[in-house]
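Thanks for coming, everyone. I have one structure to walk through today. Please look at it first, and then I'll start.

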Amino acid sequence: MNSIILSLIFYTLGIGGLFFVDILINHYFSANDIKLWVLNKSLMMMIGPLLLLGYNNVFLRYPEKIKSTLDLCLHLSIFWLIFGFILDYFFKFEFSYFIVVSFSFSLFVTSLLRVANGNLAAQINQSIWKILLLFFVLFTCYYSNLNKYYYVMLGLFLFLPSLLYLLKCSSQLKSDNSIKLEKDNHSFARQMLISGLLLNVATYYELFLLAKFYDAKLVSKYFLYFTLFTAYGIFLSGYLGFYLTPKIRKQPEKTLHFIEKNKYKIRISIVAVGLLNFIFGCAYLLCTGVQLDLFLAIMFLLLGMLRVLYIFPTSKMGALANPVDLKSFLGRNIILTILYMLVLMLVVYFDFSLYIVILVVILNWLFRVFIANKIARRIEEN
């Protein structure tokens with residue numbers, strides 16, 4: 001129980017740290033700096049997990065093959081780091097490639113720790129860089145000349161704690177964990193890669209497009225509302241996603257019965273937390289003298305709610321889905337994501353307002369939740 005409480009504390013500190021990082025950047029940094037941060041953050045979150053090619057998920061699904069999976073993820077991290085620096089040398093990226101690779105490295109170490117050292121160590125590694133980044137941003141608010149080191153420090157905060165954990169963890173692995181990966185393991189990794197790609201596009205694609213093509217002030221406004229009014233959704237979906245899938249996998253009947261029995265209480269709780277988030281967001285805008293855009297606030301509140309509701313069916317699939325169900329889910333989401341990307345590109349090309357952008361995002365998430373629930377119900381019935 002103490003481990004669960006400590007894990008929750010670190011998770012809360014991490015999510016809270018990143019939330020206040022975004023708030024401070026919105027408040028103290030220039031519009032162009034905010035736009036650059038949105039670009040870097042969206043690419044880090046969207047591309048970083050894909051560099052592992054889905055093999056970070058193999059740790060949890062096939063813990064008996066932890067050593068082989070570790071070796072493969074290490075080779076991938078080294079390859080992408082070298083490849084990225086070579087590309088950056090020739091093309092001079094607008095974003096920081098170092099933080100993308102460091103985030104990828106941190107993710108795979110976190111997955112390794114969940115199997116080898118338990119959820120507490122994994123949660124600390126997942127959260128520590130966010131806490132350190134908050135302290136650094138607080139310093140940059142008073143010593144603006146430190147801004148030029150921002151992305152270097154972020155990369156180090158991601159990389160160094162993970163490296164220390166990796167060195168400690170790898171020395172404890174037993175030789176009987178060195179069973180080689182087989183065709184089914186590689187197939188599972190590819191499916192998780194596609195699933196992760198689709199989710200990352202749904203979560204960060206519009207932020208990337210806005211940061212790339214829209215005016216800095218509009219990007220700043222969108223990012224402020226995104227940060228303020230989806231905060232509860234990010235917190236709850238992240239926490240539930242971290243714990244719900246392993247829980248269902250270990251105790252499927254008991255956990256699913258509890259969710260079904262308390263589904264109305266769960267939904268009421270989500271709405272209540274969302275309303276508290278709404279009050280907090282409005283109070284912040286009022287205190288900082290920013291005029292409230294009620295439509296944007298409500299839309300982002302709904303987006304946060306959809307992100308939470310999406311976790312329940314996808315956790316069931318992550319724990320119980322057979323290859324046929326997973327393939328069906330991925331196939332429908334591929335079609336939906338392609339349509340979403342095309343529509344959003346048209347919206348950006350014709351320079352439509354932020355209201356149209358957020359409506360397209362909401363519609364995409366509504367369809368994602370509908371598809372996920374349909375497949376999850378089929379799994380439960382079987």
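**Cavity, helix, pocket and cysteines**

Searching the whole structure turns up one cavity of 30 Å³ or more. Two words on method. This is a predicted model, so local features need pLDDT of at least 70, side-chain atom pairs count only at pLDDT 80 or more, and totals for chains, interfaces and linings use all residues. Residues are numbered from 1 along each chain as its sequence is written, and side-chain values use heavy atoms, with hydrogens and water left out.

Now the terms for empty space. We work on a 1 Å grid over the protein atoms alone. A cavity is a set of points where a 1.4 Å probe fits but cannot get out. A pocket is an open set with protein on both sides within 12 Å along at least five of seven lines. Lining residues have an atom within 4 Å of a point. Points are joined across faces, edges and corners, and the volume is the space filled by probe spheres set on them.

Back to the largest cavity. Its volume is about 40 Å³. What lines it? Val38, Lys41, Ser42, Tyr204, Leu207, Phe223 and Phe226 line the largest cavity. By class, that lining has five nonpolar, one polar and one charged residues. Here Ala, Val, Leu, Ile, Met, Phe, Trp, Tyr, Cys and Pro count as nonpolar, Asp, Glu, Lys and Arg as charged, and the others, Gly among them, as polar. Helices α2, α8 and α9 each supply at least two residues of this lining. The most come from α2, which gives three. Helices are DSSP runs of H or I, at least four residues, and strands are runs of E, at least two; both are numbered from the N terminus.

So let's look at α2. Is this helix largely enclosed or not? Of its 17 residues, 12 are buried, so α2 is largely enclosed by the rest of the structure. Buried means under 20% relative accessible area, exposed over 50%, and partly exposed in between, with a 1.4 Å probe and protein chains only. The buried residues of α2 include Trp37, Val38, Lys41 and Ser42. Their cover includes α1 (2-28), α5 (97-116), α6 (119-142), α7 (150-170), α8 (183-213) and α9 (216-229). The length checks out too: at 1.5 Å a residue, α2 should span 24 Å, and its end C-alpha atoms are 24 Å apart. The expected span is 1.5 Å times one less than the number of residues.

One residue in that helix: isoleucine 34 sits in α2. Isoleucine 34 is buried, at 1% relative accessible area. Leaving aside neighbours within four places in sequence, isoleucine 34 contacts Ile25, Asn26, Phe29, Ser220 and Phe223. Contact means heavy atoms within 4.5 Å.

Next, the second largest pocket. The space in it is about 440 Å³. Of its 15 lining residues, Glu260, Lys263, Arg267, Lys316 and Asn373 are the closest to its centre. Two or more residues each come from α11 (252-261), α12 (263-287), α13 (294-320) and α15 (354-381). The largest share, six residues, is from α15. The lining divides into seven nonpolar, one polar and seven charged residues.

Threonine 255 is in α11. Threonine 255 is buried, at 9% relative accessible area. Beyond four places in sequence, threonine 255 touches Leu244, Lys247 and Ile248.

On to the cysteines. How many disulfides does the structure hold? Zero. A disulfide here is a pair of cysteine sulfur atoms within 2.5 Å. Why is cysteine 73 not bonded to cysteine 169? Their sulfurs are 12 Å apart, too far for a bond, and cysteine 169 has the closest cysteine sulfur to that of cysteine 73. Cysteine 287 is in no disulfide either; the nearest sulfur, that of cysteine 282, is 11 Å away. Buried or exposed? Cysteine 73 is buried, at 0% relative accessibility. Cysteine 287 is exposed, at 70%.

Last, backbone angles. Most residues other than glycine have a negative phi. Leucine 53 has a positive phi, near 55 degrees. Leucine 53 is in the loop between α2 (31-47) and α3 (58-61), and is partly exposed at 32%. Aspartate 351 also has a positive phi, about 55 degrees. Aspartate 351 is in the loop between α14 (323-349) and α15, and is exposed at 54%.
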